[in-house]
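Colleague: I am new to this structure and should be grateful for a close look at one part of it. Please begin with a single element and then place it in its surroundings.

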Amino acid sequence: MIDQAYERDASGTRVPARVGHGGRIDSFTSSIARYPTKQMVVIVLSNLETAPVAQISHDLAAILFGREYKLPQKRQAITPNPAIYETYVGDYELAPGIILSVTTESQRIFAQLTGQNQVEIFPESATQFSLKVVDAQLTFVVEETGKAARVILHQGGRDQTAIRVTAEEGFSQS
């Protein structure tokens with residue numbers, strides 16, 4: 001007999017079955033997760049469009065069901081030699097047609113995803129950076145050449161790798 005009261009999460013752990021939905025409009029974000037067999041509901045509402053409501057909902061459910069959860073941590077920016085930023089300047093393909101462009105200006109470093117605004121990224125170590133506008137981090141992987149070959153985007157509990165591309169390959173942010 002199949003136990004429909006439970007499902008498996010990404011790690012394969014049995015968790016209570018969930019019915020949910022989320023959305024955003026006019027700078028508001030929401031998430032609702034209903035656990036019918038447990039007669040519990042987690043609702044997260046935010047007036048900050050970039051709030052990680054899905055992660056908050058997930059972590060609140062983990063608390064409810066006695067599972068592990070991760071508390072948010074305060075990001076600590078460091079002040080490296082800005083010359084290191086040149087190691088990371090370039091375009092990185094996250095998915096077909098989706099390019100993450102990394103640039104520098106006035107000893108600051110910025111990232112811009114296709115179709116989105118350019119945002120400043122803040123160093124936490126020589127290779128790890130965080131964003132302040134969303135809960136996301138970037139980890140640059142540097143090869144022996146001294147240039148970053150790829151960057152890993154950590155956001156919403158997922159890690160996505162973007163590979164450095166060159167202008168010769170036909171990719172540009174224009």
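Modeller: S57 is found in helix α1 of what is a predicted model. With a relative accessibility of 2%, S57 counts as buried, because the limit for that class is under 20%. Leaving aside residues up to four places away in sequence, S57 touches S31, A33, V42 and V44.

The helix itself can be described next. α1 runs over 53-64. Its twelve residues, at 1.5 Å a residue, should span 16 Å, and the end C-alpha atoms are 16 Å apart, so the two values agree. S57 has buried company in α1, namely V53, D59, A61 and A62. The cover over the buried residues of α1 includes β4 (28-35) and β5 (40-46). After α1 comes G66, which has a positive phi, near 70°.

The helix also contributes to the surface. I56, L60, I63, Y69 and L71 make a nonpolar surface patch of about 470 Å². Of these, Y69 is found in the loop between α1 and β6. Y69 has a relative accessible area of 43% and is therefore partly exposed, a class that lies between 20% and 50%.

The same loop leads to a charged pair. R75 forms a salt bridge with E124, and their closest N and O atoms are 3.3 Å apart. Since R75 lies in the loop between α1 and β6 while E124 lies in the loop between β9 and β10, the pair ties together parts that are 49 residues apart in sequence. R75 counts as partly exposed at 32% relative accessibility, whereas E124 is buried, with a relative accessible area of 19%. In total there are two salt bridges. In the pair E120 and R108, the side chains meet at 2.9 Å, N to O. Here E120 lies in strand β9 and R108 in strand β8, so this pair ties together parts that are twelve residues apart in sequence. E120 counts as partly exposed at 23% relative accessibility, and R108 is partly exposed as well, with a relative accessible area of 39%.

Strand β8 also holds A111. At 5% relative accessibility, A111 counts as buried. Between A111 and I121 there are 6.6 Å in space, C-alpha to C-alpha, although the two are ten residues apart in sequence. A111 touches I121, and its other contacts include L100, V119 and L138, not counting residues up to four places away in sequence.

I121 and L138 lead to the interior. In soluble globular proteins, nonpolar side chains tend to be buried together. The largest nonpolar core here has 19 residues, and those with the most contacts inside it are Y88, Y92, I121, F129, L138 and F140. At least two residues of this core come from each of β6 (90-95), β7 (98-105), β8 (108-113), β9 (119-123), β10 (128-131), β11 (136-142) and β12 (148-155). Y88 touches F129 and F140, and its further contacts include V102, I109, V142, A148 and R164, not counting residues up to four places away in sequence. Apart from this core lies another, of eight residues, among them Y35, V42, A51 and A61. Two of these names return to the starting point: A61 is a buried residue of α1, and V42 is touched by S57.

Definitions and conventions
Residues are numbered from 1 along each chain as its sequence is written. This is a predicted model: local features need pLDDT of at least 70, side-chain atom pairs count only at pLDDT 80 or more; totals for chains, interfaces and linings use all residues. Side-chain values use heavy atoms; hydrogens and water are left out. A nonpolar core is a set of buried Ala, Val, Leu, Ile, Met, Phe, Trp, Tyr and Cys residues joined through side-chain atoms within 4.5 Å. Buried means under 20% relative accessible area, exposed over 50%, partly exposed in between (1.4 Å probe, protein chains only). Helices (H or I, at least four residues) and strands (E, at least two) are DSSP runs, numbered from the N terminus. Contact means heavy atoms within 4.5 Å. Patches are made of residues with over 30% relative accessible area and no salt bridge: like charges are joined within 9 Å, nonpolar side chains (Val, Leu, Ile, Met, Phe, Trp, Tyr) within 5 Å. Accessible areas come from the Shrake-Rupley method with a 1.4 Å probe; for residues, only the protein chains shown count as cover. A salt bridge is a side-chain nitrogen of Lys or Arg within 4 Å of a carboxyl oxygen of Asp or Glu. The expected span of a helix is 1.5 Å times one less than its number of residues.
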